[in-house]
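Trainee: Could we go through a structure together and test each label against its cut-off?

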Amino acid sequence: MKTLLSIVLFCIINFHKIIFAFVPSGRGEHNAVLVDKKLYFHGGWAAGEGYAPSQLFYLDVSKSFTILDISLMPWTNLSSISGVTCKTGATACADETTIYYIGGWHCGGLVSKFNTISLQWSEPTTSGSIPKEEIKFVHCVILENNIYIYGGYAVHKMNILDTSKLFWSTFTSSLIYSGTHFYSATLLNDSILYIGGAFHSLDGCQTNSNQELPISIYNTNDNTWRIVTTSGQIPTRKCDHASVYIPQHNRILLFYGVDDITINSLDTLTFTWTIAVILNSGGPRRRLVRHSATLIGAYVLIAFGFYLTDEGRITSSDIFLLD
């Protein structure tokens with residue numbers, strides 16, 4: 001009788017877990033940040049609906065999981081935490097414990113903080129040369145206590161937030177970078193590598209006079225810019241894509257984007273482009289934009305975004321893993 005009762009209770013408990021398990025809905029324009037084996041997702045937009053529900057949650061990547069059924073992945077919803085505000089099209093950077101969410105369209109402040117240890121959300125007040133609301137669809141890079149954010153809608157300047165003082169400073173240059181948003185940014189030692197982007201719209205993806213994709217490098221030590229010449233299978237343009245840096249191979253992978261279903265690879269030592277050869281099927285079959293790509297060990301996890309079709313944008317709830 002006790003054995004039967006134990007089996008019944010086990011079934012009831014696990015049935016309850018399955019029925020009431022949190023499953024994130026599709027979204028694009030979100031942020032995904034890895035901190036201590038937890039991949040935190042925040043924000044996002046559902047096409048035709050508005051801000052995506054459940055604005056803060058994480059995937060526990062310390063546990064094994066399969067992407068064949070998103071409902072069985074180890075998700076945890078944190079949206080009920082006091083003070084969590086909505087954002088879409090923002091940028092996010094993290095130190096060892098704290099994630100900073102900056103810009104985008106939002107229902108809170110320009111800057112939000114989330115402490116992953118205390119699970120506290122806050123909207124800090126900043127000072128200095130506070131940026132206006134142009135910081136949308138950009139990417140930040142954090143180096144020591146400084147967060148670097150380039151551009152915004154038609155804004156050619158570098159905004160720097162000192163996280164220890166919550167103080168903004170600005171650097172401008174005569175060099176005009178090829179795109180001010182929808183680019184990718186990668187920290188390489190003390191420099192930031194910027195690839196692709198647009199000025200005003202999805203139709204504004206930039207190329208140079210030779211129809212080659214330009215790359216700019218910003219040196220954080222002396223606040224100088226330079227253009228890098230690349231070779232190989234150079235993309236004609238790259239816009240609204242996602243990217244990851246593979247340090248052990250000195251390589252940046254760029255995933256998809258406007259009018260693009262390819263994975264481009266850039267060697268950061270020789271600045272040579274190649275097109276990654278994928279050994280099996282299983283990735284996106286349609287143009288994917290405003291998605292996220294995160295390096296987790298030997299895998300890249302690509303999450304959510306919008307599929308571009310002739311009829312418009314379709315919100316994706318898909319998760320992909322690339323070994």
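Trainee: How many aromatic pairs does a search of the whole structure find, and what makes two rings a pair?

Mentor: The search finds 22 aromatic pairs. Rings of Phe, Tyr and Trp (its six-membered ring) count as a pair if their centres lie within 6.5 Å; planes under 30 degrees apart are stacked, over 60 edge-to-face, and the rest tilted. Before we go on, this is a predicted model, where local features need pLDDT of at least 70 and side-chain atom pairs count only at pLDDT 80 or more, while totals for chains, interfaces and linings use all residues. Residues are numbered from 1 along each chain as its sequence is written, and side-chain values use heavy atoms, with hydrogens and water left out.

Trainee: Why is the pair of Phe41 and Phe304 called edge-to-face?

Mentor: The ring centres of Phe41 and Phe304 are 5.5 Å apart, and the planes make an angle of 70°. That distance is within the limit and that angle is over the edge-to-face cut-off, so the name fits.

Trainee: What makes this pair a link between parts of the chain?

Mentor: Phe41 belongs to strand S2 (residues 38-42), and Phe304 to the loop between strand S29 (299-303) and strand S30 (306-309), so the pair ties together parts 263 residues apart in sequence. Strands (E, at least two residues) and helices (H or I, at least four) are DSSP runs, numbered from the N terminus. Both Phe41 and Phe304 are buried.

Trainee: And why is the pair of Tyr101 and Trp121 called stacked?

Mentor: Their planes are at 20° and their centres 5.5 Å apart, so Tyr101 and Trp121 are stacked. Tyr101 sits in strand S9 and Trp121 in strand S12 (residues 120-122), so this pair joins parts 20 residues apart in sequence. Tyr101 and Trp121 are both buried.

Trainee: What makes Lys136 a charge over a ring?

Mentor: The rule asks for NZ of Lys or CZ of Arg within 6 Å of the ring centre and within 35 degrees of the ring normal. The charged end of Lys136 sits over the ring of Trp105, 5.0 Å from its centre. Arg313 lies over the face of Phe306, with 4.3 Å to the ring centre.

Trainee: How do you know whether His241 is buried or exposed?

Mentor: Buried means under 20% relative accessible area, exposed over 50%, and partly exposed in between (1.4 Å probe, protein chains only). His241 has 5%, so it counts as buried. You can find His241 in the loop between strand S22 (231-232) and strand S23 (242-246).

Trainee: What makes the link between His241 and Ser184 a polar contact?

Mentor: The two side chains come to 2.9 Å. A polar contact is a pair of N or O atoms within 3.5 Å; within protein, one must be able to donate a hydrogen and the other to accept it, and residues adjacent in sequence count only if both atoms are side-chain atoms. By that rule, the side chain of Asn31 also reaches the backbone oxygen of Ala90, at 3.1 Å. Asn31 is in strand S1 (residues 31-35), and at 11% relative accessible area, Asn31 is buried.

Trainee: Which residues does Asn31 touch?

Mentor: Contact means heavy atoms within 4.5 Å. Leaving out residues up to four places away in sequence, Asn31 touches several residues, among them Phe41, Ala90 and Tyr101.

Trainee: How do you know that strands S8 and S9 pair?

Mentor: Two strands pair if DSSP finds at least two bridges between them. S8 (residues 91-94) and S9 (residues 98-102) have four bridges and run antiparallel, so they pass the test. One bridge partner of S8 residue Ala94 is easy to look up: Ile99 in S9. A hairpin of three residues joins S8 to S9.

Trainee: What makes Leu166 and Asn189 unusual in phi?

Mentor: Most residues other than glycine have a negative phi. Leu166 has a positive phi of about 55°, and Asn189 has one near 60°. Leu166 is buried, with a relative accessible area of 17%, whereas Asn189 is exposed, at 71%. Asn189 is found in the loop between strand S18 (184-188) and strand S19 (191-195).
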